[in-house]
Amino acid sequence: MKEFVEINALAQRVNEALPKGILLNTQGEKFNSMVIGWGALGTVWGLPAFTVYVREGRYTREQLDKTGEFTISVPLEKPDPAIAKACGWQSGRNVDKVQAAGLTLEPPEVNHTPGIREYPITLECRVLYAQKQELSGIPEPIRTRMYPQDVDSSNPMANRDAHVAYIGQIVSAYIIR
Ligand SMILES: Cc1cc2nc3c(=O)[nH]c(=O)nc-3n(C[C@H](O)[C@H](O)[C@H](O)COP(=O)(O)O)c2cc1C
């Protein structure tokens with residue numbers, strides 16, 4: 001069952017969970033989910049929006065560019081660390097994360113990308129705009145720390161690639177009960 005809620009009522013929970021890791025789901029040829037620690041819940045062009053920052057080499061990036069949509073899943077309680085391990089350290093190119101993380105998928109309401117019962121707070125989003133960040137425009141101390149150019153793009157811990165910012169319009173918000 002979905003309990004539909006005001007987006008603002010979820011903001012504190014989402015923002016507190018984000019730096020510890022929430023999930024960014026995509027549904028291309030297969031369902032995939034990756035951990036994200038960066039993001040922004042807010043308003044863009046007068047619309048409720050969630051912006052995600054995905055390194056260019058991620059499998060998730062391929063899926064986003066094909067489908068133009070994503071679903072954000074946020075835990076309510078302390079989540080099983082095995083989920084973050086499977087979704088944050090392995091690539092959907094090589095593993096089926098539904099199986100690896102033991103995820104229970106919830107059919108979406110408006111877009112085509114499922115939520116996850118184990119991470120019940122759900123924001124269904126449609127991509128409005130995608131823009132690759134220009135490394136030369138990032139302040140030097142941050143660029144050196146975040147993009148040190150010594151891990152190949154194919155590695156889940158890749159640090160060469162720039163991030164692509166995807167602004168997603170939130171088209172449905174609910175808690176899976
Ligand atoms: C706590 C945590 C936060 C992360 N945040 C991000 C993020 O905001 N953006 C990103 O591109 N990768 C982030 N990652 C790395 C991806 O989750 C990881 O590379 C994942 O394996 C990519 O999966 P995919 O190849 O199936 O897309 C994070 C990983 C962890 C453990």
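Me: I'd like to start with a helix. What covers the buried residues of α3?

Reply: Good place to begin! This is a predicted model, and in it the cover over the buried residues of α3 includes β2, β3 and α4 (97-101).

Me: Which residues of α3 are buried?

Reply: They are Ile83, Ala86 and Cys87. To read this, start with the general idea: an α-helix has 3.6 residues a turn, so residues three or four places apart point the same way. Now the case here: the three buried residues span an arc of only 85° around the axis, so they sit on the same side of α3.

Me: And on the other side of α3, are Pro81 and Trp89 buried or exposed?

Reply: Both Pro81 and Trp89 are exposed there. To count as exposed, a residue may have 12 or fewer other C-beta atoms within 10 Å of its own, while a buried one has 20 or more.

Me: Let's turn to strands. In which sense do β2 and β3 pair?

Reply: Strand β2 (residues 22-27) pairs with strand β3 (residues 31-36) in the antiparallel sense, over six bridges. Look for Ile22, which has Ile36 of β3 opposite. The link from β2 to β3 is a hairpin of three residues.

Me: How many residues lie between β4 and β5 in their hairpin?

Reply: Two, and one residue in that turn, Trp45, has a positive phi of about 50°. Strand β4 (residues 39-44) and β5 run antiparallel and are joined by six bridges. As an example to find on screen, Gly42 has Ala49 of β5 as its bridge partner.

Me: Which strand do seven bridges join to β5?

Reply: That is strand β10 (residues 163-176), again in an antiparallel arrangement. Here you can find Arg55 opposite His163 of β10. One general idea helps when you look at any such sheet: in a regular strand, side chains alternate between the two faces.

Me: Now the ligand. Which residues around the ligand come nearest?

Reply: There are 19 residues around the ligand, and those that come nearest are Gly37, Thr60, Gly88, Ser91 and Gly92. The elements giving two or more residues to this shell are β3, β5 (47-55), α2 (59-67) and α3 (81-89).

Me: Which element gives the most to the shell?

Reply: That is β3, with four residues. So you have now met β3 twice: β3 also helps to cover the buried residues of α3.

Me: How do the residues of the shell divide by character?

Reply: Nine are nonpolar, eight are polar and two are charged. Try colouring the shell that way as you turn the model!

Definitions and conventions: Residues are numbered from 1 along each chain as its sequence is written. This is a predicted model: local features need pLDDT of at least 70, side-chain atom pairs count only at pLDDT 80 or more; totals for chains, interfaces and linings use all residues. Two strands pair if DSSP finds at least two bridges between them. A residue is near a molecule or strand if its C-beta atom, placed from the backbone, lies within 6 Å of it. Ala, Val, Leu, Ile, Met, Phe, Trp, Tyr, Cys and Pro count as nonpolar, Asp, Glu, Lys and Arg as charged, and the others, Gly among them, as polar. The arc is that of the directions from the helix axis to the C-beta atoms. Two residues are in contact if their C-beta atoms, placed from the backbone, lie within 7 Å.
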